[in-house]
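User: Please take me through this protein model one step at a time. I would like short answers that show the reasoning.

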Amino acid sequence: MEWQVASFSQLDSYTVYAMLQLRVDVFVVEQNCPYPELDNKDLHPQTRHILLKKGDKILAYARVLAPGVSYEHSPALGRICVSQTARRLALGRGLMDKALDVTSSCWPDLEIRISAQCYLQRFYESFGFIACSEPYLEDDIPHLEMARPATPPQFSSHPVT
């Protein structure tokens, strides 16, 4: 397994296909949630795609968005997902660590924001995120806006129970 961090223009067509297939499998098919998957944010020159690949398969994925793309003054993480066949391997924790490293290296002095599905609130809190909104519906799924300060307190890397 190997991590890949790339802009959209650095991805080959097979990787783009596998990336979109994973995102549609998780967010559209599994969650039974039709929504506009292609939102042009992938194409932004500062967007970074984080993929954990095993051969031609993508097991985990997240994208890092520059300030001004989703949130006016903050970078954001989005489309965070792990393939159904790779769950329970703690890949989500590794994916978040990698995404936070990439985001912090690009924008070290800025808080990081996410629009998190409510059921994952404790997971994101374990990485230093704090809820900063009341629950709201996004594509008919309950979400919370969460923020992680630029210099978060230290958190243990033990799994959330």
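What follows is a set of questions and answers on a predicted model.

User: How many disulfides does a search of the whole structure find?
Analyst: A disulfide is a covalent bond between the sulfur atoms of two cysteines. To count here, two cysteine sulfurs must lie within 2.5 Å. A search of the whole structure gives a count of zero.

User: Why is C81 in no bond with C33?
Analyst: Start from the sulfur of C81. The closest cysteine sulfur belongs to C33. That is too far for a bond, because the distance is 13 Å.

User: Is C33 buried or exposed? And C81?
Analyst: Buried means under 20% relative accessible area. C33 has 5% relative accessibility, so C33 counts as buried. C81 has 4%, so C81 too counts as buried.

User: Which residues touch the most other members of the largest nonpolar core?
Analyst: In soluble globular proteins, nonpolar side chains tend to be buried together. The largest nonpolar core here has 27 residues. The ones touching the most other members are L77, M96, Y124 and F129.

User: Which element gives the most to this core?
Analyst: Several elements give two or more residues to the largest nonpolar core, among them β4 (76-82), α2 (91-106) and β8 (141-148). The top contribution is six residues. It comes from α2.

User: Which residues does M96 touch, not counting residues up to four places away in sequence?
Analyst: M96 is among the residues that touch the most other members of the largest nonpolar core. Leave out residues up to four places away in sequence. The contacts of M96 are then L77, I80, F123, Y124, F127 and F129.

User: How many residues are in the second, separate core?
Analyst: This core is separate from the largest one. Its members include A18, M19, L51 and C81. Its size is 15 residues.

User: Which residues lie nearest the centre of the largest pocket?
Analyst: The largest pocket has a volume of about 1300 Å³. Its lining is made of 44 residues. Nearest the centre are I80, C81, Y119, L120 and Y124.

User: Which element supplies the largest share of that lining?
Analyst: Elements supplying at least two residues each to the lining of the largest pocket include α1 (13-30), β3 and β4. The largest share is seven residues. It belongs to β4.

User: How many residues in the lining of the largest pocket are nonpolar?
Analyst: Sort the lining of the largest pocket by class. Seven residues are polar and 10 are charged. The nonpolar count is 27.

User: Which element gives the most to the lining of the second largest pocket?
Analyst: The second largest pocket holds about 380 Å³ of space. Of its 18 lining residues, A18, Q21, L22, K57 and I58 lie nearest the centre. Two elements, α1 and β3, give two or more residues to this lining. With nine residues, the top contributor is α1.

User: How many charged residues are in the lining of the second largest pocket?
Analyst: Sort this lining by class too. Seven residues are nonpolar and five are polar. The charged count is six.

User: What is the phi of N32, and where does N32 lie?
Analyst: N32 is not a glycine, yet its phi is positive, at about 45 degrees. At 67% relative accessibility, N32 counts as exposed. N32 lies in the loop between α1 and β2.

User: Is N40 buried or exposed?
Analyst: N40 also has a positive phi, near 70 degrees, and is a residue other than glycine. N40 lies in the loop between α1 and β2. Exposed means over 50%. With 61% relative accessibility, N40 counts as exposed.

Notes
Residues are numbered from 1 along each chain as its sequence is written. This is a predicted model: local features need pLDDT of at least 70, side-chain atom pairs count only at pLDDT 80 or more; totals for chains, interfaces and linings use all residues. Side-chain values use heavy atoms; hydrogens and water are left out. Buried means under 20% relative accessible area, exposed over 50%, partly exposed in between (1.4 Å probe, protein chains only). A nonpolar core is a set of buried Ala, Val, Leu, Ile, Met, Phe, Trp, Tyr and Cys residues joined through side-chain atoms within 4.5 Å. Helices (H or I, at least four residues) and strands (E, at least two) are DSSP runs, numbered from the N terminus. Contact means heavy atoms within 4.5 Å. On a 1 Å grid over the protein atoms alone, a cavity is a set of points where a 1.4 Å probe fits but cannot get out, and a pocket is an open set with protein on both sides within 12 Å along at least five of seven lines; lining residues have an atom within 4 Å of a point. Grid points are joined across faces, edges and corners, and a volume is the space filled by probe spheres set on the points. Ala, Val, Leu, Ile, Met, Phe, Trp, Tyr, Cys and Pro count as nonpolar, Asp, Glu, Lys and Arg as charged, and the others, Gly among them, as polar.
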